[in-house]
Amino acid sequence: MVDSKPLFELNSYKAVFIVFVLYWLSGYPLYSDESKLNAKQSKILKESYSYLETLEPKRIKIDKSTYNHLTQFESIFKFGFSGKKLSRWIQSRIKKYSYGSTGDYVAMYHDGDVLLGRSFFNLNRLDRVLVLLHEARHADGKNYSHVVCPENFQFLNPRDWKIHPAGKKGCDSVSDGGYGITAAFLFELGAYGYLNQTEAAHRYNSEISRVLRD
């Protein structure tokens, strides 16, 4: 008699795969492994993604020619501005979250794992999203590794003034690295009115200042 167990297991795998696909397409978030975070930290992380997924395109609040001239979002991400799609973009790159000491950084990425420092959980929800977006970019290869900021670098770290970028690996040499993509995201938030233009400009300028030009 042919053993029916392998067929049963095959059907089970198919069922799990179908449920996974339906769950993904339904728009519900698929979170990475959070087993190394405590309940409070995991809740804050989920709230960060929930906030991001509320940010969907609406009527543009700035001059259309200015928007067309400066927007970089679609050219970088290959899809139009959408918090839901951006959430999935991030989560497809970050496989696991841990908590621990991050030294002179808010968070650190290594081989699919993002180590979140204590200061991450004290940030507001937008800054948490910016950190996650930034770290997810590192999953795309060594081309997106940081370079050393100049010793005379005068700009502050907007998320933690105790962290001084000058002389540390806290800048980018490519326009679509961790800081370039957060700048592109912030521009969209200002353009669609999720941030007032003054705050959006200050935040945008702070991120783009980390992109070193030749």
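A polar contact is a pair of N or O atoms within 3.5 Å; within protein, one atom must be able to donate a hydrogen and the other to accept it. The exercises below concern a predicted model.

**Exercise 1.** Determine which side-chain atom makes a polar contact at the start of α6, and describe the extent of this helix.

*Solution.* Step 1: a side-chain oxygen of N124 comes to within 3.1 Å of the backbone nitrogen of L126. Step 2: helix α6 covers residues 125-137, which makes 13 residues. Step 3: from its first C-alpha to its last, α6 reaches 19 Å, close to the 18 Å expected at 1.5 Å a residue.

**Exercise 2.** State how the residues of α6 are placed with respect to the rest of the structure.

*Solution.* Step 1: a residue is buried if its relative accessible area is under 20%. Step 2: 12 of the 13 residues of α6 are buried, so the helix is largely enclosed by the rest of the structure. Step 3: among the buried residues are D127, R128, H134 and E135.

**Exercise 3.** Describe the sheet on which α6 packs.

*Solution.* Step 1: the open sheet has 3 strands in the order β1-β3-β2, with mixed pairing. Step 2: β1 (96-99) and β2 (107-110) stand at the edges with a single partner strand each, so one side of each has no neighbour in the sheet. Step 3: β2 and β3 (residues 113-116) run antiparallel and are joined by 4 bridges; A107 stands opposite L116 in β3. Step 4: α6 touches β1, β2 and β3, and its direction makes about 25 degrees with that of β2.

Methods: Residues are numbered from 1 along each chain as its sequence is written. This is a predicted model: local features need pLDDT of at least 70, side-chain atom pairs count only at pLDDT 80 or more; totals for chains, interfaces and linings use all residues. Side-chain values use heavy atoms; hydrogens and water are left out. Helices (H or I, at least four residues) and strands (E, at least two) are DSSP runs, numbered from the N terminus. The expected span of a helix is 1.5 Å times one less than its number of residues. Buried means under 20% relative accessible area, exposed over 50%, partly exposed in between (1.4 Å probe, protein chains only). Two strands pair if DSSP finds at least two bridges between them. Contact means heavy atoms within 4.5 Å. Axes are lines fitted to C-alpha atoms, for helices over the stretch in contact, and angles run from 0 to 180 degrees between N-to-C directions.
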